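Here is a walk through one protein chain, helix by helix. Keep the structure open and turn it as you read.

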Amino acid sequence: MTVTIYDVAREAGVSMATVSRVVNNNPNVKPQTRKKVFEAIERLGYRPNAVARGLASKKTTTVGVVIPDISNMNFAEVARGIEDIATMYHYNIILCNADKKKDKEIRVINTLLEKQVDGLLFMGGTVTDEHIQAFRTSSVPVVLCATADGNNTIPSVDIDHEKASLDAVKLLIDHGHRKIGMISGTLQDPALGYARYHGYKQALENAGIPFNENYVRVGNYRYESGIEAMKFFLDLEDRPTAVFAATDEMAIGAIHAIQDAGLKVPEDISVISVDNSRIASMVRPQLTSVAQPMYDIGAVSMRLLTKLMNKESTDQNKYVLPHDVIKRQSVAQK
């Protein structure tokens, strides 16, 4: 049978209120009494009922996290940052994979809110009007993690994706490249896909390089779409001498397509990307990539959420963390 707080109180010879104070780390308990209660808890194998405690305190010390793709190493690194800070502040995590599908994301958000979480972290997906509506009807704080909404109405932590892609393309331009292709993510995603695409166009404009629509292909952030986009570029009569991919996965797909065609990276075509996930240093040649501080994004997001949950003051609503260009072997002078 389930061991209750009443059983612990009887075993330790104290009141149920005393057991409750011990379990909730109330300092107003004598050390000797605290020791007796802990010994009784250990003997009986008692586990406090989190649901009952939540009903009494109106807090569950639980945070819901919506992750777009649990198999993606970048999001796994963000989740690690979230978990470490959550543990530091004594919060538990409910992690839900949403498969980058809007309907599932909305359903998961509502499910987490029904479970009475104390706060919600929405990670790395496109924030639509439907998402905003769900967040606005939430009775608990919400923080966007590795993404942002178009009007910055919801607190968020991310990098400047437009500037990150601009810096990547500028590196290619500084190496003498003027025929620069881009393998983009979905342009319907303003916080990531379109921002990186706009950064690419801005870098070309800053350098006085005409925009060529044949040099842009839209992928889905995955390896296979990088291969298909690169095959398209290779079939062009006047193909690019360099390619900027919006993610490492698509960049590696592009590298493999180039190599399968009997060409070399970077001797024939240079490749650069954004993310700097672990696979960037595993591919050969190693991939030059713009690094996002993924762990820090998760950690700062969770810390911001703890402040909002505890009604502490915050300096700002939108936090933009710095990025860095990590130079490896996939970019050469033209």
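The buried residues of α12 are covered by a set of elements that includes strands β1 (62-67), β3 (119-123), β4 (142-145), β5 (156-158) and β11 (318-320). Helix α5 (73-88) is also part of that cover. The model is a predicted one.

Which residues of α12 are buried? They are M294, I297, G298, A299, S301, M302, L304, L305, T306 and M309. The helix itself runs over residues 294-309. Its 16 residues should span 22 Å at 1.5 Å a residue, and the end C-alpha atoms are 23 Å apart, so the expected and modelled lengths agree. Just past the helix comes K311, with a positive phi of about 55 degrees.

Move back along the chain to α11, residues 248-260. This helix has 13 residues. At 1.5 Å a residue they should span 18 Å; the end C-alpha atoms are 18 Å apart, so the two values agree. Its buried residues are D248, M250, A251, I252, G253, A254, I255, A257 and I258. What lies over them? The cover includes β6 (180-184), β8 (242-245), β9 (270-275) and β10 (288-291), along with helix α10 (223-235). After α11 comes G262, and its phi is positive, near 85 degrees.

Next is α9, residues 193-206. The helix has 14 residues and reaches 20 Å from first C-alpha to last, close to the 20 Å expected at 1.5 Å a residue. G193, A195, R196, Y197, G199, Y200, A203 and L204 are its buried residues. Their cover includes α8 (161-174) and the strands β6, β7 (216-218), β8 and β9. G208 follows α9, with a positive phi near 70 degrees.

Strand β10 deserves a stop. T288 lies in it. Is T288 buried or exposed? Its relative accessible area is 1%, so T288 is buried. Setting aside neighbours within four places in sequence, T288 touches L171, then V271, I272 and S273. It is also in contact with V325, I326, K327, R328, Q329, S330 and V331. I85 is another matter: T288 and I85 are 203 residues apart in sequence, and their C-alpha atoms are 30 Å apart in space.

Now find H131, in helix α7 (residues 129-136). With a relative accessible area of 0%, H131 is therefore buried. Which residues does H131 contact, leaving aside neighbours within four places in sequence? They are K102, E105, I106, I109, F122 and T126.

Step back to the whole chain. The protein has 12 helices and 12 strands. Its C-alpha trace spans about 85 × 35 × 35 Å along the principal axes. The radius of gyration is 25 Å, whereas a compact globule of 334 residues would have one near 20 Å. Of the 334 residues, 50% count as buried.

Contacts reach far along the sequence. Among those between residues at least 6 apart, 71% join residues at least 24 apart. The accessible surface comes to about 16800 Å², and 49% of it belongs to carbon and sulfur atoms. As for charge, the protein carries 39 positive and 39 negative charges, and their mean positions are 8 Å apart.

Notes: Residues are numbered from 1 along each chain as its sequence is written. This is a predicted model: local features need pLDDT of at least 70, side-chain atom pairs count only at pLDDT 80 or more; totals for chains, interfaces and linings use all residues. Side-chain values use heavy atoms; hydrogens and water are left out. Helices (H or I, at least four residues) and strands (E, at least two) are DSSP runs, numbered from the N terminus. The radius of gyration is taken over C-alpha atoms; the globule rule is 2.2 Å times the number of residues to the power 0.38. Buried means under 20% relative accessible area, exposed over 50%, partly exposed in between (1.4 Å probe, protein chains only). Contact means heavy atoms within 4.5 Å. Accessible areas come from the Shrake-Rupley method with a 1.4 Å probe; for residues, only the protein chains shown count as cover. Lys and Arg count as positive and Asp and Glu as negative; His and the chain ends are not counted. The place of a charge is taken as NZ of Lys, CZ of Arg, CG of Asp or CD of Glu. The expected span of a helix is 1.5 Å times one less than its number of residues.
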